[in-house]
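Okay, thanks for making room for me today. Let me put the model up and walk you through it, starting from one residue and working outwards.

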Amino acid sequence: MDRTNRFCIGLMSIILSICLVTPLAGAQGKVEKGEKDLSGVIDVKGCEGMELTQCELAKNLITTLKMGEDLTCEEGFVHLRALDIAPGEDWSYEDPHKAVTLEEIKDVIMDAHQAYNEGNVPLDGFAVAEEINRFCLDMKGPPPASSEAEKKEILPAPGSQKEGKK
């Protein structure tokens, strides 16, 4: 009986180990899938058609993530790189004014989201994307006034004092 009991205990411990490890492996797969899904919903349309540089992006990220202010481009690159946040392959230390593509901006947002999941930054990817869009729109300036709005401002309204008196 002693051998049978040891065999049953050994078999139960193997089954218990499998039962504990399987959900953990499934959770890892869900995190990776969630990250892939995030890339499809990130909106950086505010940055379309503009030449945002790596330096400008890094400085904005550093400020957004509350990692410092008034840093040089290279200092920002170093801080962000330490968190594995970089556009594409890496920051361009030789040419900090190199323009970033929309895909590279999305890479940076994904990396920031990963850093958030790891507890290294205070904002998630959605908040970072929103701030980058706001930054790009601020750099572009207000949209040009439409001709219809200009006509309304130029022409006096019917019945106004300017129209009736000569």
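So, let's start at N60. Setting aside residues up to four places away in sequence, N60 touches E131, I132 and F135. N60 itself sits in helix α2. And is N60 buried or exposed? Its relative accessible area is 9%, and the cut-off for buried is under 20%, so N60 counts as buried.

Before I go on, a reminder that this is a predicted model.

Now, the overall picture. How many helices and strands do we have in the protein chain? Seven helices, zero strands. Reading along the sequence you just get α-α-α-α-α-α-α. The chain has 166 residues, and 27% of them count as buried. If you take contacts between residues at least 6 apart in sequence, 60% of those join residues at least 24 apart. For the surface, the accessible area comes to about 11,600 Å², with 57% of that belonging to carbon and sulfur atoms.

Back to α2, where N60 lives. This helix is mostly covered: eight of its 11 residues are buried. The buried ones are Q54, C55, L57, A58, N60, L61, I62 and T64. What do they pack against? That would be α3, α4 and α5. And if you look just past the end of α2, you'll find K66 with a positive phi of about 55°.

Let's take the α2 and α3 pair. Their axes come within 9 Å and cross at roughly 60°. At that angle the two helices are therefore oblique to each other. The crossing of α2 past α3 is left-handed. On the α2 side the contact is made by Q54, C55, A58, K59, L61 and I62, and on the α3 side by C73, G76, F77, H79 and L80.

You'll have spotted a cysteine on each side of that list: C55 from α2 and C73 from α3. Those two are joined by a disulfide, S to S 1.7 Å. The torsion about the S-S bond is about -60°, so this disulfide is left-handed. C55 is in helix α2 and C73 in helix α3, 18 residues apart, and the pair links distant parts of the chain. Both ends are out of the way, too: C55 is buried, and so is C73.

How many disulfides does a search of the whole structure find? Two. The other one joins C47 to C136, with S to S at 1.9 Å. Here the torsion about the S-S bond is about 85°, so the disulfide is right-handed. C47 lies in the loop between α1 and α2, while C136 is in helix α5, so this pair ties together parts that are 89 residues apart in sequence. Again, both cysteines, C47 and C136, are buried. If you number the bonded cysteines in sequence order, the pairing comes out as 1-4, 2-3.

Okay, next the α4 and α5 pair. These pack at an angle of about 145°, with their axes 8 Å apart. The crossing here is right-handed. From α4 you have I105, I109, A112 and H113, and they meet G125, V128, A129 and I132 of α5. I132 should ring a bell, as one of the residues that N60 touches.

Last stop, I85. Where is I85 found? In the loop between α3 and α4. Loop or not, I85 has a relative accessibility of 0%, so it counts as buried. Which residues is I85 in contact with, leaving aside its neighbours within four places in sequence? The list is L61, L65, L80, W91, V108, D111, A112 and A115. Some of those names have come up already: L61 is among the buried residues of α2, L80 is in the α3 part of the α2 contact, and A112 is one of the α4 residues that meet α5. One more distance for this spot: I85 and M110 are 25 residues apart in sequence and 8.3 Å apart in space, C-alpha to C-alpha.

To recap: α2 is mostly covered, its buried residues pack against α3, α4 and α5, and two disulfides turn up in the whole structure. That's me done, so over to you for questions.

Key
Residues numbered from 1 in each chain as written. Predicted model: local features only at pLDDT ≥ 70, side-chain atom pairs only at ≥ 80, totals over all residues. Heavy atoms only, no water. Helix = DSSP H or I, 4+ residues; strand = E, 2+ residues; numbered from the N terminus. Buried < 20%, exposed > 50% of the residue type's maximum accessible area, 1.4 Å probe, protein only. Contact = heavy atoms within 4.5 Å. Areas by Shrake-Rupley, 256 points an atom, 1.4 Å probe, with all protein chains shown as cover. Disulfide = S-S within 2.5 Å. Axes fitted to C-alpha atoms, helices over the stretch in contact; angles between N-to-C directions. Parallel < 35°, antiparallel > 145°, perpendicular 65-115°, else oblique. Left-handed = near helix turned anticlockwise from the far one by under 90°.
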